[in-house]
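Subject: The structure I promised you

Hi,

Here is the structure we talked about, with my notes underneath. Have a look at it first, then read on.

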Amino acid sequence: MVTEGEPGSLVKVFHLLVLSASWGMQCWTTFVAGFVLIRGVPRHTFGLVQSKLFPFYNHIVLCCAFLNLAIYAGYHPRDLLSPSESVQMALFFISLVLSALNARWFSPSTSKIMIKLYTIEREHGLGGDVGLAANAEGYKRLKEQDPKYRALRQSFMRYHGISSLCNLISLICNGGNLIYTALLLPTI
């Protein structure tokens, strides 16, 4: 349902708050929280914290992406879009799709594989070290000796990489939308 006319001040403020809150949360989670945690807590604790926080984080980002797209699409009929509005609509849509894939598939799959990895690592006395470089030799040895662990690690890295890429592209899309919004404030 396309809404006729200009959005009211309350809609504009809500739209900008949702967009900026989502982008700020993505920046904090992507560039600050993970790096601080990995350097300050044991490896398994870091992974468990992320496995508990990321479902909430990913679903909040998904909800924000949906709200942003719905509000923007509601006031910008497709047949009347300018080129810059088309780009903005595409960025909102890409963010929504990637957030949905991350929230519903990639992130949960990563966490399930991580739990299996941690079980094997605990059996070999690994996981209590702080930082990614700590006890690298022990993890390397385990990977060389245990084909199941090696296969799980490859799956984990694949899903984690895809999940991280989805998050990063969504963050870039939201950042692009903030730039467009700032440049085109009267047309929000």
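How do the residues of the lining of the largest pocket divide into nonpolar, polar and charged? There are 13 nonpolar, 15 polar and 3 charged residues in that lining. Before I go further, please keep in mind that this is a predicted model.

**The overall fold**

The protein chain has 5 helices and 0 strands, so along the sequence the pattern simply reads α-α-α-α-α. With a radius of gyration of 20 Å, the protein chain is well over the 16 Å that the globule rule gives for 188 residues, so it is more spread out than a compact globule. If you want a box to picture, the C-alpha atoms fill one of roughly 65 × 30 × 20 Å along the principal axes.

Some totals for the protein chain: buried residues account for 40% of the 188 residues. The accessible surface is about 10,700 Å², and 70% of that belongs to carbon and sulfur atoms. As for contacts between residues at least 6 apart in sequence, 82% of them join residues at least 24 apart.

**The two pockets**

Back to the largest pocket, which has a volume of about 880 Å³. Its lining takes in 31 residues, and the closest to the centre are Phe46, Gln50, Phe156, His160 and Ser164. Four elements give two or more residues each to this lining: α1 (9-38), α2 (43-75), α3 (83-123) and α5 (147-183).

The second largest pocket holds about 170 Å³ of space. Here α1 and α2 each supply at least two lining residues. Among the residues that line this pocket are Met25, Trp28, Thr29, Gln50, Phe54 and Tyr57. By class, its lining has 9 nonpolar residues, 3 polar ones and no charged ones. You will have spotted Gln50 twice by now: it is among the residues closest to the centre of the largest pocket, and it also lines the second largest pocket.

**Two buried residues**

Which residues does Ser95 touch, leaving out those up to four places away in sequence? They are Ala65, Ser170, Cys173 and Asn174. Ser95 is found in helix α3, and at 0% relative accessibility it counts as buried.

Asn167 is in helix α5. Its relative accessible area is 12%, which is under the 20% cut-off, so Asn167 is buried. Leaving out residues up to four places away in sequence, Asn167 touches Gln26, Thr30, Tyr57 and Asn102. Tyr57 is a name to remember, as it is also one of the residues lining the second largest pocket.

**Three partly exposed residues**

Leu48 sits in helix α2 and is partly exposed, with a relative accessible area of 36%. Setting aside its neighbours within four places in sequence, Leu48 is in contact with Met114, Ile115 and Tyr118. For the pair Leu48 and Tyr118, the separation is 70 residues in sequence and 9.7 Å in space, C-alpha to C-alpha.

Lys143 belongs to helix α4. Is Lys143 buried or partly exposed? Partly exposed, at 36% relative accessibility. Not counting residues up to four places away in sequence, Lys143 touches Tyr149, Arg150 and Arg153. Val49, which lines the second largest pocket, is 94 residues from Lys143 in sequence and 24 Å from it in space, C-alpha to C-alpha.

Last comes Asn135, in the loop between α3 and α4 (136-145). Asn135 has a phi near 55 degrees, a positive value in a residue other than glycine. Its relative accessibility is 37%, so Asn135 counts as partly exposed.

**Where to start looking**

If you open the model now, I'd begin with the largest pocket and find Phe46, Gln50, Phe156, His160 and Ser164, the residues closest to its centre. Then go to Ser95 in helix α3 and look for its contacts, including Ser170 and Cys173. After that, try the loop between α3 and α4, where Asn135 is placed.

Write back when you've had a look.

Cheers

Notes
Residues are numbered from 1 along each chain as its sequence is written. This is a predicted model: local features need pLDDT of at least 70, side-chain atom pairs count only at pLDDT 80 or more; totals for chains, interfaces and linings use all residues. Side-chain values use heavy atoms; hydrogens and water are left out. On a 1 Å grid over the protein atoms alone, a cavity is a set of points where a 1.4 Å probe fits but cannot get out, and a pocket is an open set with protein on both sides within 12 Å along at least five of seven lines; lining residues have an atom within 4 Å of a point. Grid points are joined across faces, edges and corners, and a volume is the space filled by probe spheres set on the points. Ala, Val, Leu, Ile, Met, Phe, Trp, Tyr, Cys and Pro count as nonpolar, Asp, Glu, Lys and Arg as charged, and the others, Gly among them, as polar. The radius of gyration is taken over C-alpha atoms; the globule rule is 2.2 Å times the number of residues to the power 0.38. Buried means under 20% relative accessible area, exposed over 50%, partly exposed in between (1.4 Å probe, protein chains only). Contact means heavy atoms within 4.5 Å. Accessible areas come from the Shrake-Rupley method with a 1.4 Å probe; for residues, only the protein chains shown count as cover.
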